[in-house]
Amino acid sequence: MGHVSLADALLLCELLAKTDVARYERAALRWLQRFIDERLPPLSEVALAASALAELRHGTRNVGAEALKRLVRHG
């Protein structure tokens, strides 16, 4: 499949949040680990990303998605 960008991996997480809860949990954790490894963000951004991933699945999906997209764009 080749290299998947962090932004594209986030789109996959969004899709899984809607369609496959079990796979979403694993994908979200992998995305968060990759975000940390690639960006070396401050702890506040890691906390925001983790909260937004939870929001994507358990809360207001749009709020979580927009927060995550902002983190990806500004990294």
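In what order do the elements of the protein chain run from the N terminus on? They run α-α-α-α, and the model that shows them is a predicted one.

**Figure 1. The whole protein chain, with four helices and zero strands.** Let's start with the overall picture. The radius of gyration is 11 Å, close to the 11 Å that the globule rule gives for 75 residues, so the protein chain is as compact as a globular protein of that length. Its C-alpha trace spans about 30 × 30 × 15 Å along the principal axes. Of the 75 residues, 33% count as buried. Among contacts with a separation of 6 or more, 51% come from residues 24 or more positions apart.

**Figure 2. Helix 1 against helix 2.** Here we zoom in on residues 6-19, which form helix 1, and residues 21-39, which form helix 2. Their axes come within 8 Å and cross at roughly 160°. An angle over 145 degrees counts as roughly antiparallel, and helix 1 and helix 2 are therefore roughly antiparallel to each other. Helix 1 passes helix 2 in a left-handed crossing. On the helix 1 side, the residues that take part are L6, A9, L10, C13, L16, A17 and T19. Helix 2 meets them with V21, R23, Y24, A27, A28, W31, R34, F35, E38 and R39. Sorted by class, this contact has twelve nonpolar, one polar and four charged residues.

**Figure 3. Helix 3 against helix 4.** Next come helix 3, residues 43-58, and helix 4, residues 61-73. The two pack at an angle of about 145°, and their axes are 7 Å apart. Their crossing is left-handed. From helix 3, the contact takes in E45, L48, A49, A52, L53, E55, L56 and R57. From helix 4, it takes in R61, V63, G64, A65, A67, L68 and L71. These residues divide into ten nonpolar, one polar and four charged.

**Figure 4. Helix 2 against helix 4.** Are these two helices roughly parallel or roughly antiparallel to each other? They pack at an angle of about 25°, with axes 12 Å apart. Angles under 35 degrees count as roughly parallel, and helix 2 and helix 4 are therefore roughly parallel to each other. The crossing of this pair is left-handed. W31, F35 and R39 of helix 2 meet L68, L71 and V72 of helix 4. By class, the contact has five nonpolar, no polar and one charged residues. W31, F35 and R39 may look familiar from Figure 2: they are also among the helix 2 residues that meet helix 1. Likewise, L68 and L71 are among the helix 4 residues that meet helix 3.

**Figure 5. E14, a buried residue of helix 1.** Is E14 buried or exposed? Its relative accessible area is 12%, so E14 is buried, the cut-off being under 20%. Which residues does E14 contact, leaving aside its neighbours within four places in sequence? They are L56, A65 and K69. Of these partners, L56 and A65 also appear in the contact between helix 3 and helix 4.

**Figure 6. L12 and E25, two partly exposed residues, each paired with a residue further along the chain.** L12 is found in helix 1 and has a relative accessible area of 44%. Its C-alpha atom is 24 Å from that of P42, which is 30 residues away in sequence. E25 lies in helix 2, with a relative accessible area of 45%. Here the partner is A54, 29 residues apart from E25 along the chain, and the C-alpha atoms of the two are separated by 9.1 Å.

**Figure 7. L40, in the loop between helix 2 and helix 3.** We finish with a close-up of the backbone. L40 has a positive phi of about 50°, although it is not a glycine. How accessible is this residue, buried or exposed? L40 has 69% relative accessibility, so it counts as exposed, the cut-off being over 50%.

Conventions:
Residues numbered from 1 in each chain as written. Predicted model: local features only at pLDDT ≥ 70, side-chain atom pairs only at ≥ 80, totals over all residues. Heavy atoms only, no water. Axes fitted to C-alpha atoms, helices over the stretch in contact; angles between N-to-C directions. Parallel < 35°, antiparallel > 145°, perpendicular 65-115°, else oblique. Left-handed = near helix turned anticlockwise from the far one by under 90°. Contact = heavy atoms within 4.5 Å. Nonpolar A, V, L, I, M, F, W, Y, C, P; charged D, E, K, R; others polar. Rg over C-alpha atoms; globule rule 2.2 N^0.38 Å. Buried < 20%, exposed > 50% of the residue type's maximum accessible area, 1.4 Å probe, protein only.
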